[in-house]
Structures are given as C-alpha cells and as structure tokens.
Amino acid sequence: MKTPAISRRAMLLGAGAVTAWAASPARALLAQAAKNALPASVESLLSQMTVVEKAGQLTLNAAAWAGSAATALNPAGAQTNFEGQLAEVRQGRLGGVFNGNGAEMARQMQLVAMREARLKLPLVFAADVIHGFRTVFPMPLAEAGSFDADLAERTARVAAVEATAAGIDWNFAPMVDVARDARWGRGIEGAGEDVLLGRIMAEARVRGFQGRKGLKATDAMVACAKHFAAYGAAEGGLDYNTVDVSERTLRDIYFPPFQAAFAAGAGTTMAAFNELSGVPATANHWLLTDVLRTEWGFDGVVVSDYTGDMELIAHGFAADEREATKLAFLAGVDMCMQSSFYINHLPDLVAKGDVPMARLDEAVRRVLAMKVMLGLFDDPFRRIDVRRERTRIGTPAHRKVAREAGAKSIVLLKNEGDLLPLPRSGKRIALIGPFVQGKRELIGPWNVYGTDADAVDLLTGVRAALADAAMVTATDGSGILEPLPGGIEAAVAAARAADIVVLAVGEAQNMSGEAQSRTDITIPAPQMALAEAIAAVGKPMVVLLRHGRALALEGAVKDAPAILATWFLGSESGPATADILFGAVAPSARLPVSFPHSSGQAPYYYAHKNTGRPNPPGDRVAFKARYMDVPGGALYPFGHGLTYGRIAYSALDTGDGVLAAGGKLTVRAVVTNSGARDAEEVVQLYVQDVTASITQPVRELKAFRKVRIAAGASETVEFTLARADLTFIGQDLKPTVEPGKFRLWIAPSAEAEGVSGEFTLA
C-alpha cells in the first residue's frame, strides 16, 4: 500500500475523511459522468429528494417475501416482514431488495413504489445467480475447467434469460477472486488459481449476464464483479479471514480479473469482507476510491457485501454503527446491503456535517444511473412478467446447454489401460457410493433458486446410456460423513457380481462454498473405507469425484486405474457424466486448480516462485525447498487433463527466437493424436522470465487453444507473443517489461514438459 494503514485509519477517523473524499482527483469527473447519465427528469427527481429518500436509494435488503432465500443462505441481519418492507418502500426508505422469489413478488413491490411512494422511484431487484437460475450449470470453478470462454458466456446468458424472467435486474456475479488455497471453500464461485484464465472467464461471464444488446434489454441484468479485493487470499484458507499482501501482489494477481470484468462492461462491484493489510476492504479509501475510481475511472455502483459495513465493528475498525457508516460511505461504498446502516445513520451524518451532501448525491446519482441504464425509469416492470416467467425458465434448450456444460467441465485425471470409455453393452456395471442415486447433492453449493428435485442423478443418466438398463446396479455403500450399517458388505457383494465398478465419492455440497473452509481436503474416512473394500475385490474401478475444490487423493481412490473429476455439475449431472463415461462426448476439460499431494501443501499453485534452493517437481532432495513426506509439485497440476486419444507434442518452432521491440514472436508446435479416437486438446503456452528486477514465477500461462485433433492426425498449433504479454509490476509498482532471456513451454499442463525452448526479448 502507498500509505501505512495506521495513518490512513487516523485520517479516516477524523475530519480528514471529508477532505480526502473531496480532494480525490477523479471525484468531480466521475460525479459529472454520473450526472450526465441521468435524464433531466431524473436529475430533477434527485433535487426533490429528502435526505432520507436519498439514503433509502442506497439501502438494499433481503426480500421479506415468504420463501425468499437470502436469510436461509446468510446470517441474520436487519429483519422485517413483507408488509413492513412495503411500508419502507412507501416511505422511500428502500432502493431495492435481493434474493426474492419471483415475478409476482417483484410486481407487488414495484406497484407500491410506483403508486404509493412520494417520488415513485423504481426499485431494483438483485440476486445471487452464481451458476444458473432454475436451470443449474456446473459450479463456476468446474466450468472454468472447460477453458471455453464461449461456453461460459452461453451459460451466463441462459442464467440471465431465466433470472430476468423472474424480475431480476442485478446479479451479484461473477466472482472473479483468484483462489490459490484449496482449503477456502468459496473458490467454487471463481475460475481458480490462474490470472489469465480468471481474466478470460470474468469477461465471458459479464458479457453473458449483461448480454450484447444493452442493459435495457428485458433479458439483461447488470453484473457485479466481486469481491473487491483479494478475498481469495484469506490466511489459512479460512473464509472471512485476514488478508495481508503487498500492493505488487494485488496488482499482479488479484486486480487483473476485476480490470477485465470492468473492461467487459460490468456496471457494479462489491466490496470484500476481508481486511487488506490492516484496513477492511469495506472502509478502504485507497482501494475503493484511489484505485477503483481515480486510477481506473470506474463510475458504476459499489455495494457492500452482506452486512459488510456492520462487520467493521467486529473488525475493530469502527467503534459503532454510526462510525461504521461514515467510514464505509466516505471510503467509497455507495450502497449498503442488509445492515440498514445507511438509512439509519446517513441522514444524521449529513445533518451534522460529517458526510458532505455532495458525496450523498454522488452515490445516489450512481444508483439512479444504474436504474436508468437498466431501463427501469422507462418501464419499471420491464423484467416483471409472470407469463414470461412460466415460459423462459427450465426449457429443454436450457437443459441441453446444461448437459453440454457438464460434460465439458469433467476432467479425466487418469485412465490406465484405456479403461474409459466404458462399453454400452456386454458388461455388468456396479454403481457404488453416496453420490450414485437420489435427488440429492446434485446442484452444488451457493445456488439460490435451483433444486436437486429438478436435477438428474448418475443412476438415471447411466441407465439411459446403456443398451440394457438391467446391466447396472446401484448401491450407496456409505454415507458421506458416516458409515451405513451393512453398507460396505452390500457394496462388496455388488462389486463381486459386476464386471466393472464405478465408485462415486467426495464432498457433500455443503462442504464447499461460503463459510465452508476445511483443514483436511481429503475424502471423508467412511467413504475411504468403502473405497478400500471395493478396490480389494479386484474389479476394474472408475472413480468419480464429487467435489467443490481441489482434493488431496489417497489410498484406493488415488490408485484407481481411472479417475474423473466431476465436481458439482448441476441440473444435468447424471446425463453429462454418462456422456463422458461411455464416450458419447470425449473429455476435454482441464484442471483450473492444482491437486496437491497432501492437505499440508495448501496453498499450492503452479505459478509459484523459485526459492534460492528450488526443488523440482517430483523430487525430495535434502536442503531444498521441499516437504519431507511428499514429492515436490502437484499430484495433478493446473491445466492437467487427459483425452480419449493419445496426445504427443513435438517440433517446437520459435522462429529466430527474438521478440523485437514493437514486434511479435510466433511460436509453433505439432500436436499429434496417435490414438484411435478423436480428441480435443487444450494446448497451453507457458513462459518464464529467467532474470528480472522482481523475481518471477517458475511458469505463467500466457495463452491456450482448444484444438480438435482427429484420430491419427496432427495439428500445428500457433501462438503469438507480444511485448505486453511479458509485463510485470516493477519496483516502482508500475507495469514494466525488461529485455532478457525467457523460457517457454507448449505443453498439456503447467508442470508437463511438452516441448520447451527459449527466446530473447530485445
């Protein structure tokens, strides 16, 4: 950070807070931009608003309609019933609600706003639509493994079509936090450990949620890039925990996906729960104003996370509610979620001169500008249509996209002896494990509106794929966290009667997601006991992992001849998995996170730096940077994933090996599929800056291409590197690039050799 945390806090707590806000170089420009976004009629409304009505526009609370989901998914905040909430709307004390329950609820609330409130300002309806609405797609981390930006945009587009049909204008997604610690359960919402993949997925999801026809389209909802910033760097992988990273790390790792989301047009962002080097993000003026507003020129709405301003008190940063309100608001949080602090305290803060009226107007203009962009002043009911809600949601076309996304998110980790794909006939198959059958554990963590009842389980998917459904049996064998009486015995009997065993083990959906941090990222002991017993039968065994994070695999699961990472795939879980199991779809996904050898390796990520005593992956050499009890590197690294082909890399061509100033360098490799099946390979380009004024990672992903390669064929895959691809944050905390030697790899993963060479940046 540029200023020590203690001096910045002292400034914030005194009268200097107002001065700091007013002196922000971009403040006047951004305020004018927001003003210019408002039609004269809306600007006139602003001039008529009381301070209470202005604070009301900055207040966002959980919907109180019966059956609304917010309070079930979050800790209790300010509570009321639906009639009480309608009274707040009449009084102009509420700007919007979130995680409500459908178009009818939105219709009733908007009618009160437009007929009974004094100024008739439309409400905005928000929601957490993280990986689908009623049609549920693979959790975002799984979908990132598709390495397919078009797919991510299409699933986000379907989510927007369904959510807007239920009256939703604003989506609290995408999460673009880089997450490098598998213990942190909230990694399920993002794109994993890599900056480039995070940037690409952020852009794609923003485009999908907001659409390409403008935010006034009835099927567009404004996106919210979250959580700003570095939430994924929580110490120990413990959710909500302290974050203490350098400004260089913020700019190199955690900022770029946000910048990509804003470049794609994301109209809002959400302040993170965590503190950042001593200053909570929700009250961090440097972060929310100096960087976001002044440096980047962001002119959209900043909203707190759920009770984020309230939590400044527990952080020990604010003494009470009033001070928490002042600190968050002057730092740059325009809208507060669920605490009601702004409506309760901003009027008095303004009256006493502790918050300038100009700052209040600035925030209100941003919220009104968002509502203008969404078309709510043209037609407050444009997304509220009960008939449309019945026809747009859960359609066969949407389920088809869910099935496609599910199959494209499954990673083939291991396939000894070409056990997969399985035959569709002639073999008896035993499906064993707690994730085989039943309407449970299907949609995954952090889904507000989808249900397991609408999803398809593995048994149903497999039966539909087989020529004779009688050739498959299903046995739970174990619970997720507890053994079942007689379960292992029944499962062993089923395995003995079968030719092939498919074992489905892993995490419950409530073992990943927000507030679901784990110290031990292994498969629970009762399921491991089941796995060992089934492996001892000696039948060919395919392991299907159900999980929301990278896992440390052990024993019979790790040693199984075939392993598929199937994550939480959503509504079409069973059919998507069956498509891969039986070869209707070839596996093409890659790991967006590294699987460590042991829980104790976490956080492990491929783009780490060398120490002065580096230990190569796989080695355990004394007096090196290594653990005594596991090999270096990952069990399965970022980017790893097999196909049903046989892929080899050869013939690296780096041209003259020189990237000249102002020029570009084209590099090529030949990728061959010598197998009997067509394949889709994710070809990855990695680079290492060998010597630099700031030490650099051992590898960084710079580009990738998904290439279809027919059986027996070869493809030449080409990448182009430019000088800008080699920038890093230098000693002066500015982007820089330095001439010198670089290593490069065109490879199938972050730790595979593929083909490698060198080039020089002139």
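Guide: Residue classes before anything else: Ala, Val, Leu, Ile, Met, Phe, Trp, Tyr, Cys and Pro count as nonpolar, Asp, Glu, Lys and Arg as charged, and the others, Gly among them, as polar. This is a predicted model, in which local features need pLDDT of at least 70 and side-chain atom pairs pLDDT 80 or more, while totals for chains, interfaces and linings use all residues. Side-chain values use heavy atoms, without hydrogens and water, and residues are numbered from 1 along each chain as its sequence is written.

Visitor: How many cavities of 30 Å³ or more are there?

Guide: Ten, from a search of the whole structure. A cavity is a set of points on a 1 Å grid over the protein atoms alone where a 1.4 Å probe fits but cannot get out.

Visitor: How much space is in the largest cavity?

Guide: About 150 Å³, as the space filled by probe spheres set on the points. The largest cavity is lined by 18 residues, and those closest to its centre are A179, D181, A182, A550 and V593.

Visitor: What classes make up that lining?

Guide: Ten nonpolar, four polar and four charged residues. Lining residues have an atom within 4 Å of a point.

Visitor: Changing topic. How many disulfides?

Guide: Zero. A disulfide needs two cysteine sulfur atoms within 2.5 Å.

Visitor: Why is C224 not bonded?

Guide: Because the closest cysteine sulfur, in C336, is 14 Å from the sulfur of C224, too far for a bond. C224 is buried (under 20% relative accessible area, 1.4 Å probe, protein chains only), at 0%. C336 is also at 0% and counts as buried.

Visitor: And aromatics: how many pairs?

Guide: The count comes to 23, with a pair being Phe, Tyr or Trp rings (the six-membered one in Trp) whose centres lie within 6.5 Å. In one of them, F262 and F298, the ring centres are 4.5 Å apart and the planes at 35°, so the pair is tilted (neither under 30 nor over 60 degrees).

Visitor: Where do F262 and F298 lie?

Guide: F262 is in helix α13 (residues 256–263), and F298 is in the loop between α14 (285–295) and β9 (301–306), so the pair ties together parts 36 residues apart in sequence. Helices (H or I, at least four residues) and strands (E, at least two) are DSSP runs.

Visitor: Are those two rings buried or exposed?

Guide: F262 is buried, with a relative accessible area of 14%. F298 is buried as well, at 6%.

Visitor: Which residues form the aromatic cluster with them?

Guide: F228, F255, F258, F262, W286, W296 and F298 form one cluster.

Technical notes
On a 1 Å grid over the protein atoms alone, a cavity is a set of points where a 1.4 Å probe fits but cannot get out, and a pocket is an open set with protein on both sides within 12 Å along at least five of seven lines; lining residues have an atom within 4 Å of a point. Buried means under 20% relative accessible area, exposed over 50%, partly exposed in between (1.4 Å probe, protein chains only).
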